[in-house]
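Here's a quick briefing to read with the model open in your viewer. We'll go through the cysteines, then a cavity, then a sheet.

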Amino acid sequence: MRPGEVRAAILWIVLTFCVVFASPPLEAASRTGEAPAVRLPLLSNGSPATHLGGVPEYGRASGDQWFPELAFGDGVALAVWEDGRWGATEVYAARVSGNEVLDPSGFPVGSGQDTQRFPACAFGGGSFLVVWQEGLDRIMARRVSPGGETLGAEPFVVCGGTDARSPAVASSDSHFLVVWHDIRGGETDVYGARVTFSGDVLDPGGFLICGERNEQTEVAVASDGTDFLVIWQDRRLANWSIYGSRVDASGGVLDVFGIPVCNLLDGNARTVPDVTYGGTSYAVLWQDGRNVQEKLFGTRVSVSGAVLDGTGVEVCSSPGGQYDPAVSCHADTLLAAWRDVSVFENVMVCRLDTLLAGGTAATLCTVGELEQAPSVCVAGGEWLVAWMDFRSGIDDDVYACRVSAGGTPQDPCGFLVSMTGNAQRNPRAAYGGANHLVVWEDYRAGHRDIYATRVSPSGEVMDTLGIAVASLFGNQYWADVSSNGSNFLVVWTDDRVPTDIYGHRVNSSGEVLEDQPIPVSTYDGMQGAPSVANDGATYFCVWEDYRDGNGDIYGARVSSSGLVLESSGLLVSVQGAEHSQTSPRVDFLDTTYVVVWEDDRNGDSDIYAARVTRQGEVLDSSGIRISSSPKPDMAPSVSCFGEECLVLWEERSSGPTDSDVRGARLNRSGELLDTSSVAVSQASGLQFEPDVASDVGGYLAVWTDTRCGNTDVYGTPLASAGDVVDPGGAGVSKSPDPEESPALSEQGGGAFLIVWSGVSGPPYEAYRIWGKLGAWSELTPAFPPVWELTAERVEEGVRLSWRALPGFFQRFDVQRRRQSQGSWETLASLPASGAGDYFWVDEEAAAVVPYYRLLCATTGGSLLVFEFGAVDAAGSAGRFHLGLPTPNPAVFPGEVTFDVEARTPVTVDVVNVRGAVVRRVYSGLPVSGGRLLSWDGRDWRGRDVAPGVYFLKLSSAMHTLTRKLVVLD
């Protein structure tokens with residue numbers, strides 16, 4: 001190729017890129033809010049992702065929410081609790097005004113560095129102080145403003161490294177006092193530390209409040225405005241007792257041996273105390289076993305430390321046992337709350353006067369059967385009570401109820417405090433010729449449903465509220481989607497009765513076409529994990545099936561009208577009751593479907609495949625073994641293009657903290673083209689959940705990656721010959737929050753939609769679906785860094801020459817093979833000198849046709865691959881011919897024919913006016929004398945092309961020819 005042709009080729013690439021991917025300025029949604037504009041950005045230049053899942057609908061937070069505590073200040077109540085929505089327990093908070101939750105998704109207070117337990121909070125000096133136990137040895141704290149802002153860059157340590165646990169906190173007029181039990185001396189003692197309103201710890205490490213023998217635990221604290229009363233359960237005697245001690249404003253302990261609040265030696269335990277200041281004295285409540293059943297007892301303690309009610313009085317009667325007391329004072333009135341066990345466990349309240357004389361107990365809620373751990377605070381002219389509630393039957397949540405000054409509950413059954421925006425997980429996507437359809441699991445109804453949205457080729461999110469594909473009772477999950485060019489078929493696992501595979505067709509307007517889901521497989525036993533592909537008309541859905549005990553792979557064809565053609569399923573792979581085949585994926589290759597799956601027939605899990613014809617005939621009943629590593633291989637994915645498929649999977653390398661993504665190609669005849677699998681990504685940490693799609697230029701692989709200590713989405717292109725362009729991979733999205741489960745949808749012309757599930761901060765605080773538009777070329781250099789690759793016979797052998805960007809490369813490896821298929825041998829490794837022109841002579845070139853390629857190691861650690869092509873014995877390209885298409889113009893269905901001739905490997909593609917490849921018609925070395933080829937008017941997915949102008953393009957490493965073709969409607 002001459003220099004002028006090189007410049008023209010580069011200009012053509014740049015112009016094509018601009019035409020295909022240029023778009024108006026993109027207004028991407030912020031990761032912290034919902035923007036009205038919903039258009040996806042391009043992948044390049046580190047652009048942010050866009051949220052695809054619509055405006056959040058708030059409901060129960062996933063996971064468990066435990067042990068709420070309340071404080072009130074500056075017109076709002078702050079609720080804090082232990083939160084398990086992300087698996088590990090963290091401290092979350094939300095502000096409450098009346099019965100309105102001002103932070104409907106809550107917000108994290110801690111830093112997430114370790115397990116966070118037993119939060120408590122108090123208000124003073126214009127802000128809340130939230131304290132908690134982090135790990136097993138330290139007390140942490142953070143201030144929160146009444147506006148819901150966490151103050152300070154990070155939480156701060158109150159006491160660390162001393163086995164400090166279970167804190168409580170109260171505020172005086174001048175500072176906070178944080179108290180906890182501490183095991184630093186071998187026995188459990190009570191410690192405390194003062195914290196200023198600005199967050200300074202006045203007593204680093206804490207000071208000893210009570211160090212008597214045996215255990216002192218379950219610490220509570222209240223303030224009279226100047227000093228504090230600390231209360232705990234104490235086992236210095238034969239049975240658990242209640243003790244206390246006053247602490248003055250300077251941190252002085254006024255009762256070094258403790259005040260015996262209730263220390264009866266009757267063999268019964270007094271435990272779990274709480275304390276509040278009642279205007280003239282403190283009120284202390286505890287759980288007491290003296291009357292056979294556990295009941296609430298209490299006493300008053302004066303500011304001078306005198307116990308005013310002897311060994312305590314029973315404060316409020318109810319028929320059940322009374323546990324976990326909480327108490328708060330408003331004016332001259334107390335409100336006691338507890339967990340009451342009669343028929344069920346319910347939270348009850350009772351209004352008391354300052355002499356602890358009780359009124360009538362009231363139940364806050366009778367909907368749930370397991371309500372525990374109440375907390376109570378004054379909230380303006382009324383009280384607010386919060387508790388952990390198991391009414392969902394799935395996990396615990398935090399509920400609250402207002403109680404009037406007269407002691408009457410104001411919110412029947414309470415209101416939900418621990419909420420999130422609806423979580424969205426496990427997306428999949430497919431392109432239907434006009435738009436992509438993205439599907440996912442959605443938790444907006446409190447359980448898993450299947451929702452979807454359409455995304456245009458330019459990145460416009462078309463259904464911002466989502467399309468309810470399957471919103472039924474029970475759970476619908478593990479969805480997949482495919483298109484035949486007219487409609488989409490969405491399939492999912494459905495656990496209604498019992499666990500089956502169902503589906504719905506969705507048209508290009510986003511309409512669900514069936515009134516009732518299509519029963520793809522409702523056979524006995526469980527069916528799950530479906531995957532679906534199409535041949536341009538008929539769909540083929542595969543799944544893991546447990547009708548015979550262990551997992552087998554079954555499938556069924558579904559017509560374009562939604563008719564299931566194999567009502568009992570088609571057996572794709574079975575290996576007997578002692579082995580399992582799971583996690584299938586499917587794609588369509590030319591004339592057959594290719595199904596891949598995990599298979600344990602050889603001990604550890606391997607990857608197998610089988611081809612299935614359009615008519616439902618399984619061609620490989622024993623399966624084709626794709627991976628043969630002794631290491632466990634799992635989570636396969638597959639994509640087909642031209643005459644081959646690329647299969648990717650996760651390989652567990654050296655244990656649960658290290659896995660890689662590997663791949664191998666399979667041709668249309670079922671032959672494995674890569675007997676040694678290709679390393680797609682071997683970075684440190686875990687690379688897993690791979691997905692792959694194919695289009696012009698080759699394949700694009702994406703996966704979940706932990707190399708940076710968090711789960712991110714990475715990707716890399718692969719050349720059509722299976723060579724990895726960038727084995728390290730490039731970051732598709734590297735947010736500080738977890739991101740996982742990426743999926744691809746190819747839209748033609750080298751463009752892809754990449755979607756994944758990622759955690760979002762406020763206002764969602766949940767997994768949501770995110771996406772970007774990308775291109776095969778966007779994870780490679782923007783224009784060819786190597787060009788003018790020539791191979792010609794000279795007197796010394798075969799001379800290879802090329803031109804490269806100065807400073808872009810570190811090394812060039814020249815490789816050769818003597819057949820069009822076979823292994824490559826490295827002939828030479830040349831250091832990159834920085835100059836633009838390179839050459840190397842193969843002095844051992846035989847008379848047979850050799851093939852050459854160049855492996856280029858970049859300065860960034862990537863590996864790029866370029867082909868020289870074949871060099872015949874005469875050293876010439878020979879005849880290079882592309883005949884005229886006939887008929888032209890063409891009307892489909894029908895067939896266009898043309899002939900080609902070349903003495904070097906070539907590709908023949910149908911391309912549109914933008915230069916995007918619509919269909920690869922041929923790849924290889926045409927027979928001597930030429931070859932007659934044909935095209936049926938369909939794209940590489942089997943869909944009829946739209947009317948318009950197209951080009952036949954004949955390409956080799958050295959030449960290109962085109963012929964114009966007009967397609968009529």
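Count off the bonded cysteines in sequence order and the pairing reads 1-2, 3-4. That makes two disulfides in the structure, and keep in mind that this is a predicted model. Below are the details on those links, followed by notes on a cavity and an open sheet.

**Disulfides**

- One link joins Cys-316 and Cys-350, with 2.4 Å between the sulfur atoms. That still falls inside the cut-off used here, which takes sulfur pairs within 2.5 Å.
- The Cys-316 and Cys-350 link is right-handed, with 80° about the S-S bond.
- This pair ties together distant parts of the chain, 34 residues apart. Cys-316 sits in the loop between strand 23 (313-314) and strand 24 (321-330), while Cys-350 belongs to strand 26 (residues 345-353).
- Cys-316 and Cys-350 are both buried.
- The other link is between Cys-640 and Cys-645, whose sulfur atoms are 2.1 Å apart.
- For Cys-640 and Cys-645, the S-S torsion is about 90°, so this disulfide is right-handed.
- Both ends are tucked away here too: Cys-640 is buried, and Cys-645 is buried as well.

**Two more cysteines**

- Cys-159 has a relative accessible area of 1%, so it counts as buried.
- Cys-329 comes in at 14% relative accessibility and therefore also counts as buried, given that the label applies under 20%.

**Second largest cavity**

- There are two cavities of 30 Å³ or more, and the second largest holds about 50 Å³ of space.
- Its lining is made up of Gly-278, Thr-280, Ser-281, Tyr-282, Ala-283, Arg-300, Leu-334 and Thr-354.
- By type, the lining of the second largest cavity splits into four polar residues, three nonpolar and one charged.
- Which strand gives the most to this lining? Strand 21 (residues 281-291) does, with three residues.

**A four-stranded open sheet**

- The strands of this open sheet come in the order 41-42-43-44, and the pairing is antiparallel.
- At the edges are strand 41 (527-534) and strand 44 (570-573), each of which pairs on one side only.
- Ignoring direction, neighbouring strands of this sheet are turned by 30° against each other on average.
- Strand 41 is joined to strand 42 (residues 539-545) by six bridges, and the two run antiparallel.
- If you want a spot to check the register, look at Gln-527, which stands opposite Asp-545 in strand 42.

How values were computed:
Residues are numbered from 1 along each chain as its sequence is written. This is a predicted model: local features need pLDDT of at least 70, side-chain atom pairs count only at pLDDT 80 or more; totals for chains, interfaces and linings use all residues. Side-chain values use heavy atoms; hydrogens and water are left out. On a 1 Å grid over the protein atoms alone, a cavity is a set of points where a 1.4 Å probe fits but cannot get out, and a pocket is an open set with protein on both sides within 12 Å along at least five of seven lines; lining residues have an atom within 4 Å of a point. Grid points are joined across faces, edges and corners, and a volume is the space filled by probe spheres set on the points. Ala, Val, Leu, Ile, Met, Phe, Trp, Tyr, Cys and Pro count as nonpolar, Asp, Glu, Lys and Arg as charged, and the others, Gly among them, as polar. Two strands pair if DSSP finds at least two bridges between them. Axes are lines fitted to C-alpha atoms, for helices over the stretch in contact, and angles run from 0 to 180 degrees between N-to-C directions. Buried means under 20% relative accessible area, exposed over 50%, partly exposed in between (1.4 Å probe, protein chains only).
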